[in-house]
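Colleague: Please take a close look at one strand in this structure. Put the whole protein around it, and keep it brisk.

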Amino acid sequence: MRKITALLLALCVLCLCACTSSPAPKTLELFAMDTYMTLQVYGDEAVLSALSQKINVLDRLLSATNEAGQLYALNQTGRVSCDRELTALLTDSLALSARTDGALDVTVYPAVMLWGFPTDDYRVPTDAELSEALSHIGADHVQLSGDAVNLDQGTMLDFGAVAKGYAARACLELLEASDASAAILSLGGNIQTYGSKPGGDWLIGITDPTGETDYFATLSLSGTHAIVTSGSYQRYFEQDGKRYHHILVPKTGEPAETGLLSVTVVCDDALTADGLSTALFVMGLEKASDFYRDSDDFEAVFYSENGTVYVTEGLTNAYRGTDYEVIAR
């Protein structure tokens, strides 16, 4: 389900971006970080290879299930002298966890495993199992000093909520150092634009979480932005007539039931956009709205379970689609 959804999103973005007479970009497709990705670059075809290589390196480094990766080794041993990339990602993730009061938490992996999402062996854990897992979840179980990371016994990390954002950030650095004039990267549910698209704005489709249409709205954006969507429709299973999705509340270890189906975040920084899309979903609309009013570095679109769409005021000029209510600062 997650792979199919990611492919549909990538195709949606490709179609929307191709509807002009501007010069065609150079394109590369790959599968990494458990999702389909499409890289489109204007002006410097050579950078596509560097982008692909960078994504594949980060895929191995940051995977919790790849036995050749450093994160896997850290989760198994509880102690690793980390690669610069892993240290930077962990540092920023812990800061984002503190900023969101734990709504984003990269230590939630013990609970994620109980639900079977890493292996697709889905099951509903018992209360006792969740209670045990929760005793190992929380940023206070992580000690980071320089490049040395120590995890308390039983604590494990999962960067699923931020890894593609970090990859997009790294790709943006490569694009800025290249001769590319513009680019759009679709890393599953993560979109990174760079520069000014020839012939007009970037037109980004936001997937319809109900599945009734391909997308319920578009965002018309100019320049460089990270656009990330998180939703309960992206990965889930059903048991005894109830649906359980992959976005867990770190403080309970259970799927978030906050009245939202999806959250799309637009931000200058891709890692922040990635992490906040998950954190805002966990918070729910009311707390997320308050969080928005206390922040100045992102905008968002919320799709609620009752079908109402909420758009933060900074995106109202860019939004085209379903009727919406405005969240003002």
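Modeller: The protein exposes about 14,000 Å². Carbon and sulfur atoms supply 47% of that area. This is a predicted model, so every value here is computed from predicted coordinates. Inside, buried residues account for 56% of the 329 residues.

Now the strand. β8 covers residues 202-207. Is β8 mostly covered or mostly uncovered? Mostly covered: five of its six residues are buried, where buried means under 20% relative accessible area. Its pairing partner is strand β9, residues 215-221. The two strands run in the antiparallel sense. Six bridges join β8 and β9. One contact point can be named on each side: Thr207 has Tyr215, in β9, as its bridge partner.

Back to the whole fold. β8 and β9 belong to a protein with 19 strands and nine helices. The radius of gyration is 19 Å, and the globule rule gives 20 Å for 329 residues, so the protein is as compact as a globular protein of that length. Along the principal axes, the C-alpha atoms fill a box of roughly 60 × 45 × 35 Å.

Contacts come next. Take those with a separation of 6 or more: 61% of them join residues 24 or more positions apart.

Last, the charges. The protein carries 20 positive and 44 negative charges. How far apart are their mean positions? The two means lie 2 Å apart.

Methods. Residues numbered from 1 in each chain as written. Predicted model: local features only at pLDDT ≥ 70, side-chain atom pairs only at ≥ 80, totals over all residues. Heavy atoms only, no water. Helix = DSSP H or I, 4+ residues; strand = E, 2+ residues; numbered from the N terminus. Rg over C-alpha atoms; globule rule 2.2 N^0.38 Å. Buried < 20%, exposed > 50% of the residue type's maximum accessible area, 1.4 Å probe, protein only. Contact = heavy atoms within 4.5 Å. Areas by Shrake-Rupley, 256 points an atom, 1.4 Å probe, with all protein chains shown as cover. Lys, Arg positive; Asp, Glu negative; His and termini not counted. Charge placed at Lys NZ, Arg CZ, Asp CG, Glu CD. Pairing = 2+ DSSP bridges.
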